Amino acid sequence: RREGWFHDIKLEHELHNRRQVGALHRVLPDALLEGVSQGKSFKIALELEINSKSHIRIQEKVRQYNLDSTIDYVLYVFERERKLHNYHELLSSSLGKEAISRLMFFCWDKERPVGEAMGIFRNEQKSLAELFGRLRSG
C-alpha cells in the first residue's frame with residue numbers, strides 16, 4: 001500500500017454495520033483512519049469532540065481504547081483550543097501520561113488547511129502536518 005496520511009477511512013455508520021457480536025464492548029469512534037508508515041500499517045480512531053461529555057464518560061472511553069489492541073492511536077479533534085487543553089489536562093492528571101501516550105489532541109479552525117491544525121501528542125506541540133510527515137518519513 002501507498003504511504004501517506006491515510007489510505008482508508010471508515011465512518012461511524014460503516015463501523016456500526018460491521019460490528020460483530022464479540023465486539024459489542026469495544027468503543028465506536030466517529031471514524032477509523034488507516035495508513036502505512038515505513039511499511040507498517042496503523043489504525044487511528046478519530047473522535048470529533050463537538051458536544052460536551054462528562055469527565056467519567058471521557059475517561060471511560062480512553063480506558064476502552066487502551067484495551068483495544070486493534071487501535072494504534074486516538075485522534076481527538078476539537079473546535080476550540082480551550083476544550084483541547086481541558087481534555088488533555090483531565091486525562092493526563094486522572095489517567096497518567098502512559099495511559100494517554102496513544103492520544104493526539106488537535107484543534108482545527110475550518111478556515112485553515114487541516115495540516116496546519118495545532119495540537120499535542122506525547123506532551124509536545126505539533127501541527128498535523130509535522131506529526132504525519134514524521135509518521136510517513138520516520
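**Exercise 1.** Which residue of strand 5 does V74 stand opposite?

*Solution.* Start with the ground rules: this is a predicted model, where local features need pLDDT of at least 70, side-chain atom pairs count only at pLDDT 80 or more, and totals for chains, interfaces and linings use all residues. Residues are numbered from 1 along each chain as its sequence is written, and side-chain values use heavy atoms, leaving out hydrogens and water.

Next, find the strands (DSSP runs of E, at least two residues, numbered from the N terminus). Strand 4 covers residues 73-78 and strand 5 residues 103-107; they pair in the parallel sense over five bridges. Pairing takes at least two bridges found by DSSP. Now look across from V74: you'll meet L103.

**Exercise 2.** Work out which strands stand at the edges of the sheet.

*Solution.* Write down the order first: 1-2-3-4-5-6-7, an open sheet of seven strands with mixed pairing. Strand 1 (8-11) and strand 7 (124-127) each have a single partner strand, so one side of each lacks a neighbour in the sheet.

**Exercise 3.** Find which residues of helix 2 are buried, and say how they are arranged.

*Solution.* Helices are DSSP runs too (H or I, at least four residues). Helix 2 spans residues 55-67. Check for buried residues (under 20% relative accessible area, with exposed over 50% and partly exposed in between; 1.4 Å probe, protein chains only). You'll get I58, Q59, K61, V62 and Y65. Looking down the axis, these buried residues fall within an arc of 160 degrees (taken from the directions from the helix axis to the C-beta atoms), so they line one face of helix 2. On the other side, I56 and L67 are exposed.

Key:
The expected span of a helix is 1.5 Å times one less than its number of residues.
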